[in-house]
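Grab a pencil and open the structure viewer. Below are a few short exercises, each with a worked solution to check yourself against.

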Amino acid sequence: MSSPAWETKVIHAGHTNYSNALTTPIFMTSTFSFDSAEQCRDRFMGTDPGYIYSRLGNPTVTALEQKLAIMEGAEDAVAVGSGIGALTTLVYAAVKGGDHIVISKSLYGCSWAFFTRGIAAFNVEVTPVCMDNLDELRQAIRPNTKLVFFETPANPTNCIIDIAEVTKIVRESDAKEAIVAVDNTFCSPVICNPIAHGADAVMHSGTKYLSGHGDVIAGAVCGSRAFIERCKLHALKDMNGAVMCPMTAFLLIRGIKTIHLRLPRHAENALALATFLEKHPKVKSVEYPFLPSHPRHEIAKKQMSMGNGIVPFILDGGREAGMLFLNSLKLATIAVSLGDAETLATHPASSTHSPYTENELEFAGIDPGLVRMSVGLEAAADIIADVEQALEHI
Ligand SMILES: Cc1ncc(COP(=O)(O)O)c(C=O)c1O
């Protein structure tokens, strides 16, 4: 038999036969017993591979981690309690006081807050750059740069950053050992695998497409075995304790079994909506990378197998127009988060990106009239009809 396809491997990975159960059971236990004091000692020494305590590992979470590693083409993965838990795990594993980080100026609001106000308070310098300008990136890297971090497509603008080019610049710099890490939440591993384009590590808010059903808060980091060990044994165990609940792991395992079916439908619906919006007279611009008119369409095609499910667009009329549009929707739900079966709409300047100051919003290219739609799995015609009637109110 030839090597199984990606989805076949993902569906089966990590499952262990427990009493012939088809699905991996939820090991809802905080701790694990030992047969003897010697076995307990050996587990702590790492010479006996069994479980100790669920902050250090849990069988349901392990099953999920094995799927995540296969999905991202990584040696290993660690599942954690939230996307921000994944970010802090990754950063604590990559840097210490005195180090320097380069970040993209286009990031999810709480990630931006962590870099510019959270970790920056611990003697770690952070330089935000416009990472689609490779010269700016080149100039920002210093010998003590230990992490280069970005989202592509970025939240909320869908800004596309060339993963292979960023990696090349880092490898040719004075900081060639720096970890290049990508937040792949906006794509999911179905659409993009940053490690295949040269990145060292990938993180996800598992709350989004990995779950796909809007019922968990979750996160994950994928990377080399050595890096994930540092995430587990230093960042997660000693620093943030942001572990994943086994019940959450169970729900993610369930969501992941259909991810290869869900994402093409999100992409198809999103392209249909973006195509409609592009021609609408009340829409200033649509930021959808799989529209041929998008300025970074060629880079998007190089590193993404299809478009993502997010359609940001700018309305004339700033904040007022953005908020009026949301209030006029009938089918789509006003909600932050993304990647669910239901179409969700948000106004980033007043919600997800409210941690940005007015100046930072401008720096990050977040227009006050920007609306972000997470296009769901409903019929495209129904989503478009709802958006069309909402635009009539503006
Ligand atoms: C791109 C991105 N990264 C990280 C996060 C944080 O994830 P969580 O809310 O699961 O902590 C989010 C949340 O919206 C996000 O959109």
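**Exercise 1.** Which residue in β9 does valine 286 stand opposite?

Solution. Keep in mind that you're looking at a predicted model.
- Step 1: Find strand β8, residues 283-286, and go to valine 286.
- Step 2: Look across to strand β9, which covers residues 310-315. The residue opposite valine 286 is phenylalanine 313.
- Step 3: Check the direction of the strands: β8 and β9 run antiparallel and are joined by 3 bridges.

**Exercise 2.** Work out the strand order of the open sheet that contains β8, and explain why β8 and β10 each have a side without a neighbour.

Solution.
- Step 1: Recall that strands in a sheet pair through backbone hydrogen bonds, in a parallel or antiparallel way.
- Step 2: Trace the 5 strands, and you get β8-β9-β12-β11-β10, with mixed pairing.
- Step 3: Look at the edges, where β8 and β10 (333-334) stand; each has a single partner strand, so one side of each has no neighbour in the sheet.

**Exercise 3.** Decide whether the residues of strand β2 are buried or exposed, and sort them by the way they point.

Solution.
- Step 1: Count along residues 100-104: 5 of the 5 residues in β2 are buried.
- Step 2: Sort them. His100, Val102 and Ser104 point one way, while Ile101 and Ile103 point the other way. Both groups are buried.
- Step 3: Find the partner. β2 pairs with β3 (residues 125-129) in the parallel sense, over 5 bridges, and histidine 100 sits opposite glutamate 125.

**Exercise 4.** Place lysine 208 in the structure and explain why this residue counts as buried.

Solution.
- Step 1: Start with the record: an unreviewed UniProt entry annotates Lys208 as "modified residue: N6-(pyridoxal phosphate)lysine".
- Step 2: Locate the residue. Lysine 208 is in the loop between β6 (201-205) and β7 (219-223).
- Step 3: Compare with the cut-off. Buried means under 20% relative accessible area, and lysine 208 is at 15%, so it counts as buried.
- Step 4: List the contacts. Leaving out residues up to four places away in sequence, lysine 208 touches Thr185, Ser337, Leu338 and Gly339.

**Exercise 5.** How many cavities of 30 Å³ or more does a search of the whole structure find, and which residues line the largest cavity?

Solution.
- Step 1: The search turns up 1 cavity, with a volume of about 30 Å³.
- Step 2: Its lining is made up of Ser211, His213, Asp215, Leu251, Arg254 and Gly255.
- Step 3: Sort the lining by class, and you get 1 nonpolar, 3 polar and 2 charged residues.

Note on methods: Residues are numbered from 1 along each chain as its sequence is written. This is a predicted model: local features need pLDDT of at least 70, side-chain atom pairs count only at pLDDT 80 or more; totals for chains, interfaces and linings use all residues. Side-chain values use heavy atoms; hydrogens and water are left out. On a 1 Å grid over the protein atoms alone, a cavity is a set of points where a 1.4 Å probe fits but cannot get out, and a pocket is an open set with protein on both sides within 12 Å along at least five of seven lines; lining residues have an atom within 4 Å of a point. Grid points are joined across faces, edges and corners, and a volume is the space filled by probe spheres set on the points. Ala, Val, Leu, Ile, Met, Phe, Trp, Tyr, Cys and Pro count as nonpolar, Asp, Glu, Lys and Arg as charged, and the others, Gly among them, as polar. UniProt positions are given in the numbering used here, feature names are shortened, and annotations may be inferred rather than shown by experiment. Helices (H or I, at least four residues) and strands (E, at least two) are DSSP runs, numbered from the N terminus. Buried means under 20% relative accessible area, exposed over 50%, partly exposed in between (1.4 Å probe, protein chains only). Contact means heavy atoms within 4.5 Å. Two strands pair if DSSP finds at least two bridges between them.
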